[in-house]
Amino acid sequence: LTAGGWGGAGRSGAARRGARWVACPVTVATGCREVAPAPPLPAGAMVKETIRVYARVKPVGRRQQAGIYSVDDNEKTVSSLEIIVPRDLADGFVNNKRENYKFKFQKIFDQEAKQDVIFESIAKPVAECALAGYNGTIFAYGQTGSGKTFTITGGAERYSDRGIIPRTLSYIFEQLQKDSSKVYTTHVSYLEIYNECGYDLLDPRHEASRLDDLPKVTIMEDPDQNIHLKNLSLQQAANEEEALNLLFLGDTNRMIAETPMNQASTRSHCIFTIHISSKEPGSATIRRSKLHLVDLAGSERVTKTGVGGHLLTEAKYINLSLHYLEQVIIALAEKNRSHIPYRNSMMTSVLRDSLGGNCMTTMIATLSMDKRNIDESISTCRFAQRVALIKNEAVLNEEIDPRLMIAQLKKEIQDLKDELALVTGEQRTAELSQEEQIRLNELTERFLEDNDPESILDVGPDMRKIKYCFIHMKKLMNHSRISENKVFSQNILEEDTSMQVRKEELKLKELLQQRDSEINILVNMLKKEKKKAQDALFQLNAVSGDSKALDQCISINLEERQSPSTHVNLKEAKDFSCSVRRLPFLSRQTGAMSLGCQEAFEVFKRDHADSITIEDNKQLLKQRFAEAKSLGEKVNEVRNKINHLKGEITQRHIQRAALAVASPSEELSKFDPVEEKLRAQIEEEKKSYKMMFNHLKGLKVEIEHLQLLMEKAKVKLQKDFEVWWSEEATKLQ
């Protein structure tokens, strides 16, 4: 390992931001012995164990002076690290300062340990637990520049320098492809905690150039004290490539700064979480697990580093959050402690389950063994020893389908029925037998007929019989009530029928009287016509003096008086039919306007005073409809243009991001004139869209008002015609 790959030494921020993980098959040679993985977990059991603590020693740089330490791997289960701090003669002869410090870890990885050995020994067992349905957490703790980010995320120079996160993703998706017996779904999230504020590094709606542009994540707690992170997106990853792309996207947004201890120091805590859900086909049980991979910001002594300004503020927040983390660790290590201060910081709230909860947690203590940082390494080891005292209770996270629960409850009900039959000595079915129903019917009827107020209906301690008696009693009551209602309804029906017959008789009498009056009118009209014809014939005979003609006319008149001709009868029939067509009561009886009434309505409407107003409103309404249609098409065109401009801005962002990946050393200008021009066009189109939309709303109001006026005018015209028609009918009668 080169010194440039550890703790950011020798790395520039641009090089780290341009790094990208690529999944490719590369064989990595290891220089350390193999370490046996953790034993498999029992299925469905609760696992109680302390947090596993490992130590990793960072290689000492060329210009650094190495401290004195030794690693003892002779013991089977644990390894020992001994740090020796020689006494300084400048402190005087009387010096009670401690010289030897000895700490125990699950395993200690010395300076020659490779990244693949770290993964196989530390991360692989936790990843296997996550695949089995248990929650897991791996976090690295140490001072600034001790190699936390290199261990968790990895280096950017070589493929073999990949850290725990990319190797875990590769291992998980490899196992998912091998296991075809279950259906798996994988999601990832990336949370950054910077100055006690949470930020979502994977939000798809923001491509941030600054940290403030990212959406802020807030903590919500439900009544069951479960932590929920608001505004933290959960991105689905179907394969390893998608997951590594999301990891790269989050790493480019992390806060990185150059400090005296580290040229590319991460100034925030980052939590990369892998969510796994699995279900067997046809099974009702779903397993859900999550794996937290935590890269904590490094602690530093401000008096030693001498930072100031913005870096000093960041150091204050980092040290404060790590102090709260240590308070939680101390509280968990004490047996009689009732309150654990999880809420003091955002990081401890998010990692509540990982610290003393439902999780299998592993800690990696990163140590820098040069003489200048030996005191901080001892502090890190002490912190690790306190963490090793914490016990977690990991539970298999399974959810049962409600359908399976229903089947279990049905089985339990059947078992209870069997126990009841065993106690009572009789087998009870869901329904009563026919004989039992007849017997209960007789008992119920006898109970209702009995006039004794102290009579009792005894059916025994059987809820089926009691319910049946109540139902039968209700049926009897309803039947008696229905029979009474039937008799009453028959009487009412007979009265209604007689009243209806009387009304029909009255209507027929009125109709006959009207027909008689019409016939009398027609007879009088025929008499008048005959009298006129007789007077004309008498005048003609007096002028000509033709007695023969006079006799013929007289005979003809006498014949006409005795028997009217068919010609007169046809004329009378035509006059009668015309008079009948003019009568208004026929059209009212049919419920629809007759042909003559429709013709009269058209004439009345043409001469009515409001007809001109109706036609004007109709033309104006057509004009407004045409304007609204044209304006709506323009509004749609403007909207499509705005969407097109937004798409161009998105393409511009993609091009700039691709350029940043291709040439990470070049600094791209933050100001993009093309993007500013597109945004200005969008603002102009939005103003035009708003103005046309307001005009369209005004047209809609005007169209609705015109429709209302036309409806009122039509109703008034109809009422005026009905009044006129009734007056004309009255005059005719």
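**A tour from hairpin to surface patch**

Select first the hairpin of strand 10 and strand 11, which has 5 residues between the strands, and look at Gln225, which takes a positive phi near 65 degrees. This is a predicted model, in which local features need pLDDT of at least 70 and side-chain atom pairs count only at pLDDT 80 or more, while totals for chains, interfaces and linings use all residues. Residues are numbered from 1 along each chain as its sequence is written, and side-chain values use heavy atoms, with hydrogens and water left out.

Extend the selection to strand 10 (residues 216-221) and strand 11 (residues 227-230), which run antiparallel and are joined by 4 bridges; strands are DSSP runs of E with at least two residues, helices are runs of H or I with at least four, and two strands pair if DSSP finds at least two bridges between them. Met220 has His228 in strand 11 as its bridge partner.

Next, select Ser146, in the loop between strand 7 and helix 3, which counts as buried at 1% relative accessibility (buried is under 20% relative accessible area, exposed over 50%, partly exposed in between, with a 1.4 Å probe and protein chains only). A polar atom of the Ser146 side chain lies 2.8 Å from the backbone oxygen of Gln143. Gly145, in the loop between strand 7 (136-141) and helix 3 (148-152), counts as buried at 8%. The unreviewed UniProt entry annotates a "binding site" that covers residues including Gln143, Gly145 and Ser146; such annotations may be inferred rather than shown by experiment.

Finally, go to Leu404 in helix 10, which is partly exposed with a relative accessible area of 33%.

Note on methods:
Polar contact = N/O pair within 3.5 Å; in protein donor to acceptor, adjacent residues only side chain to side chain.
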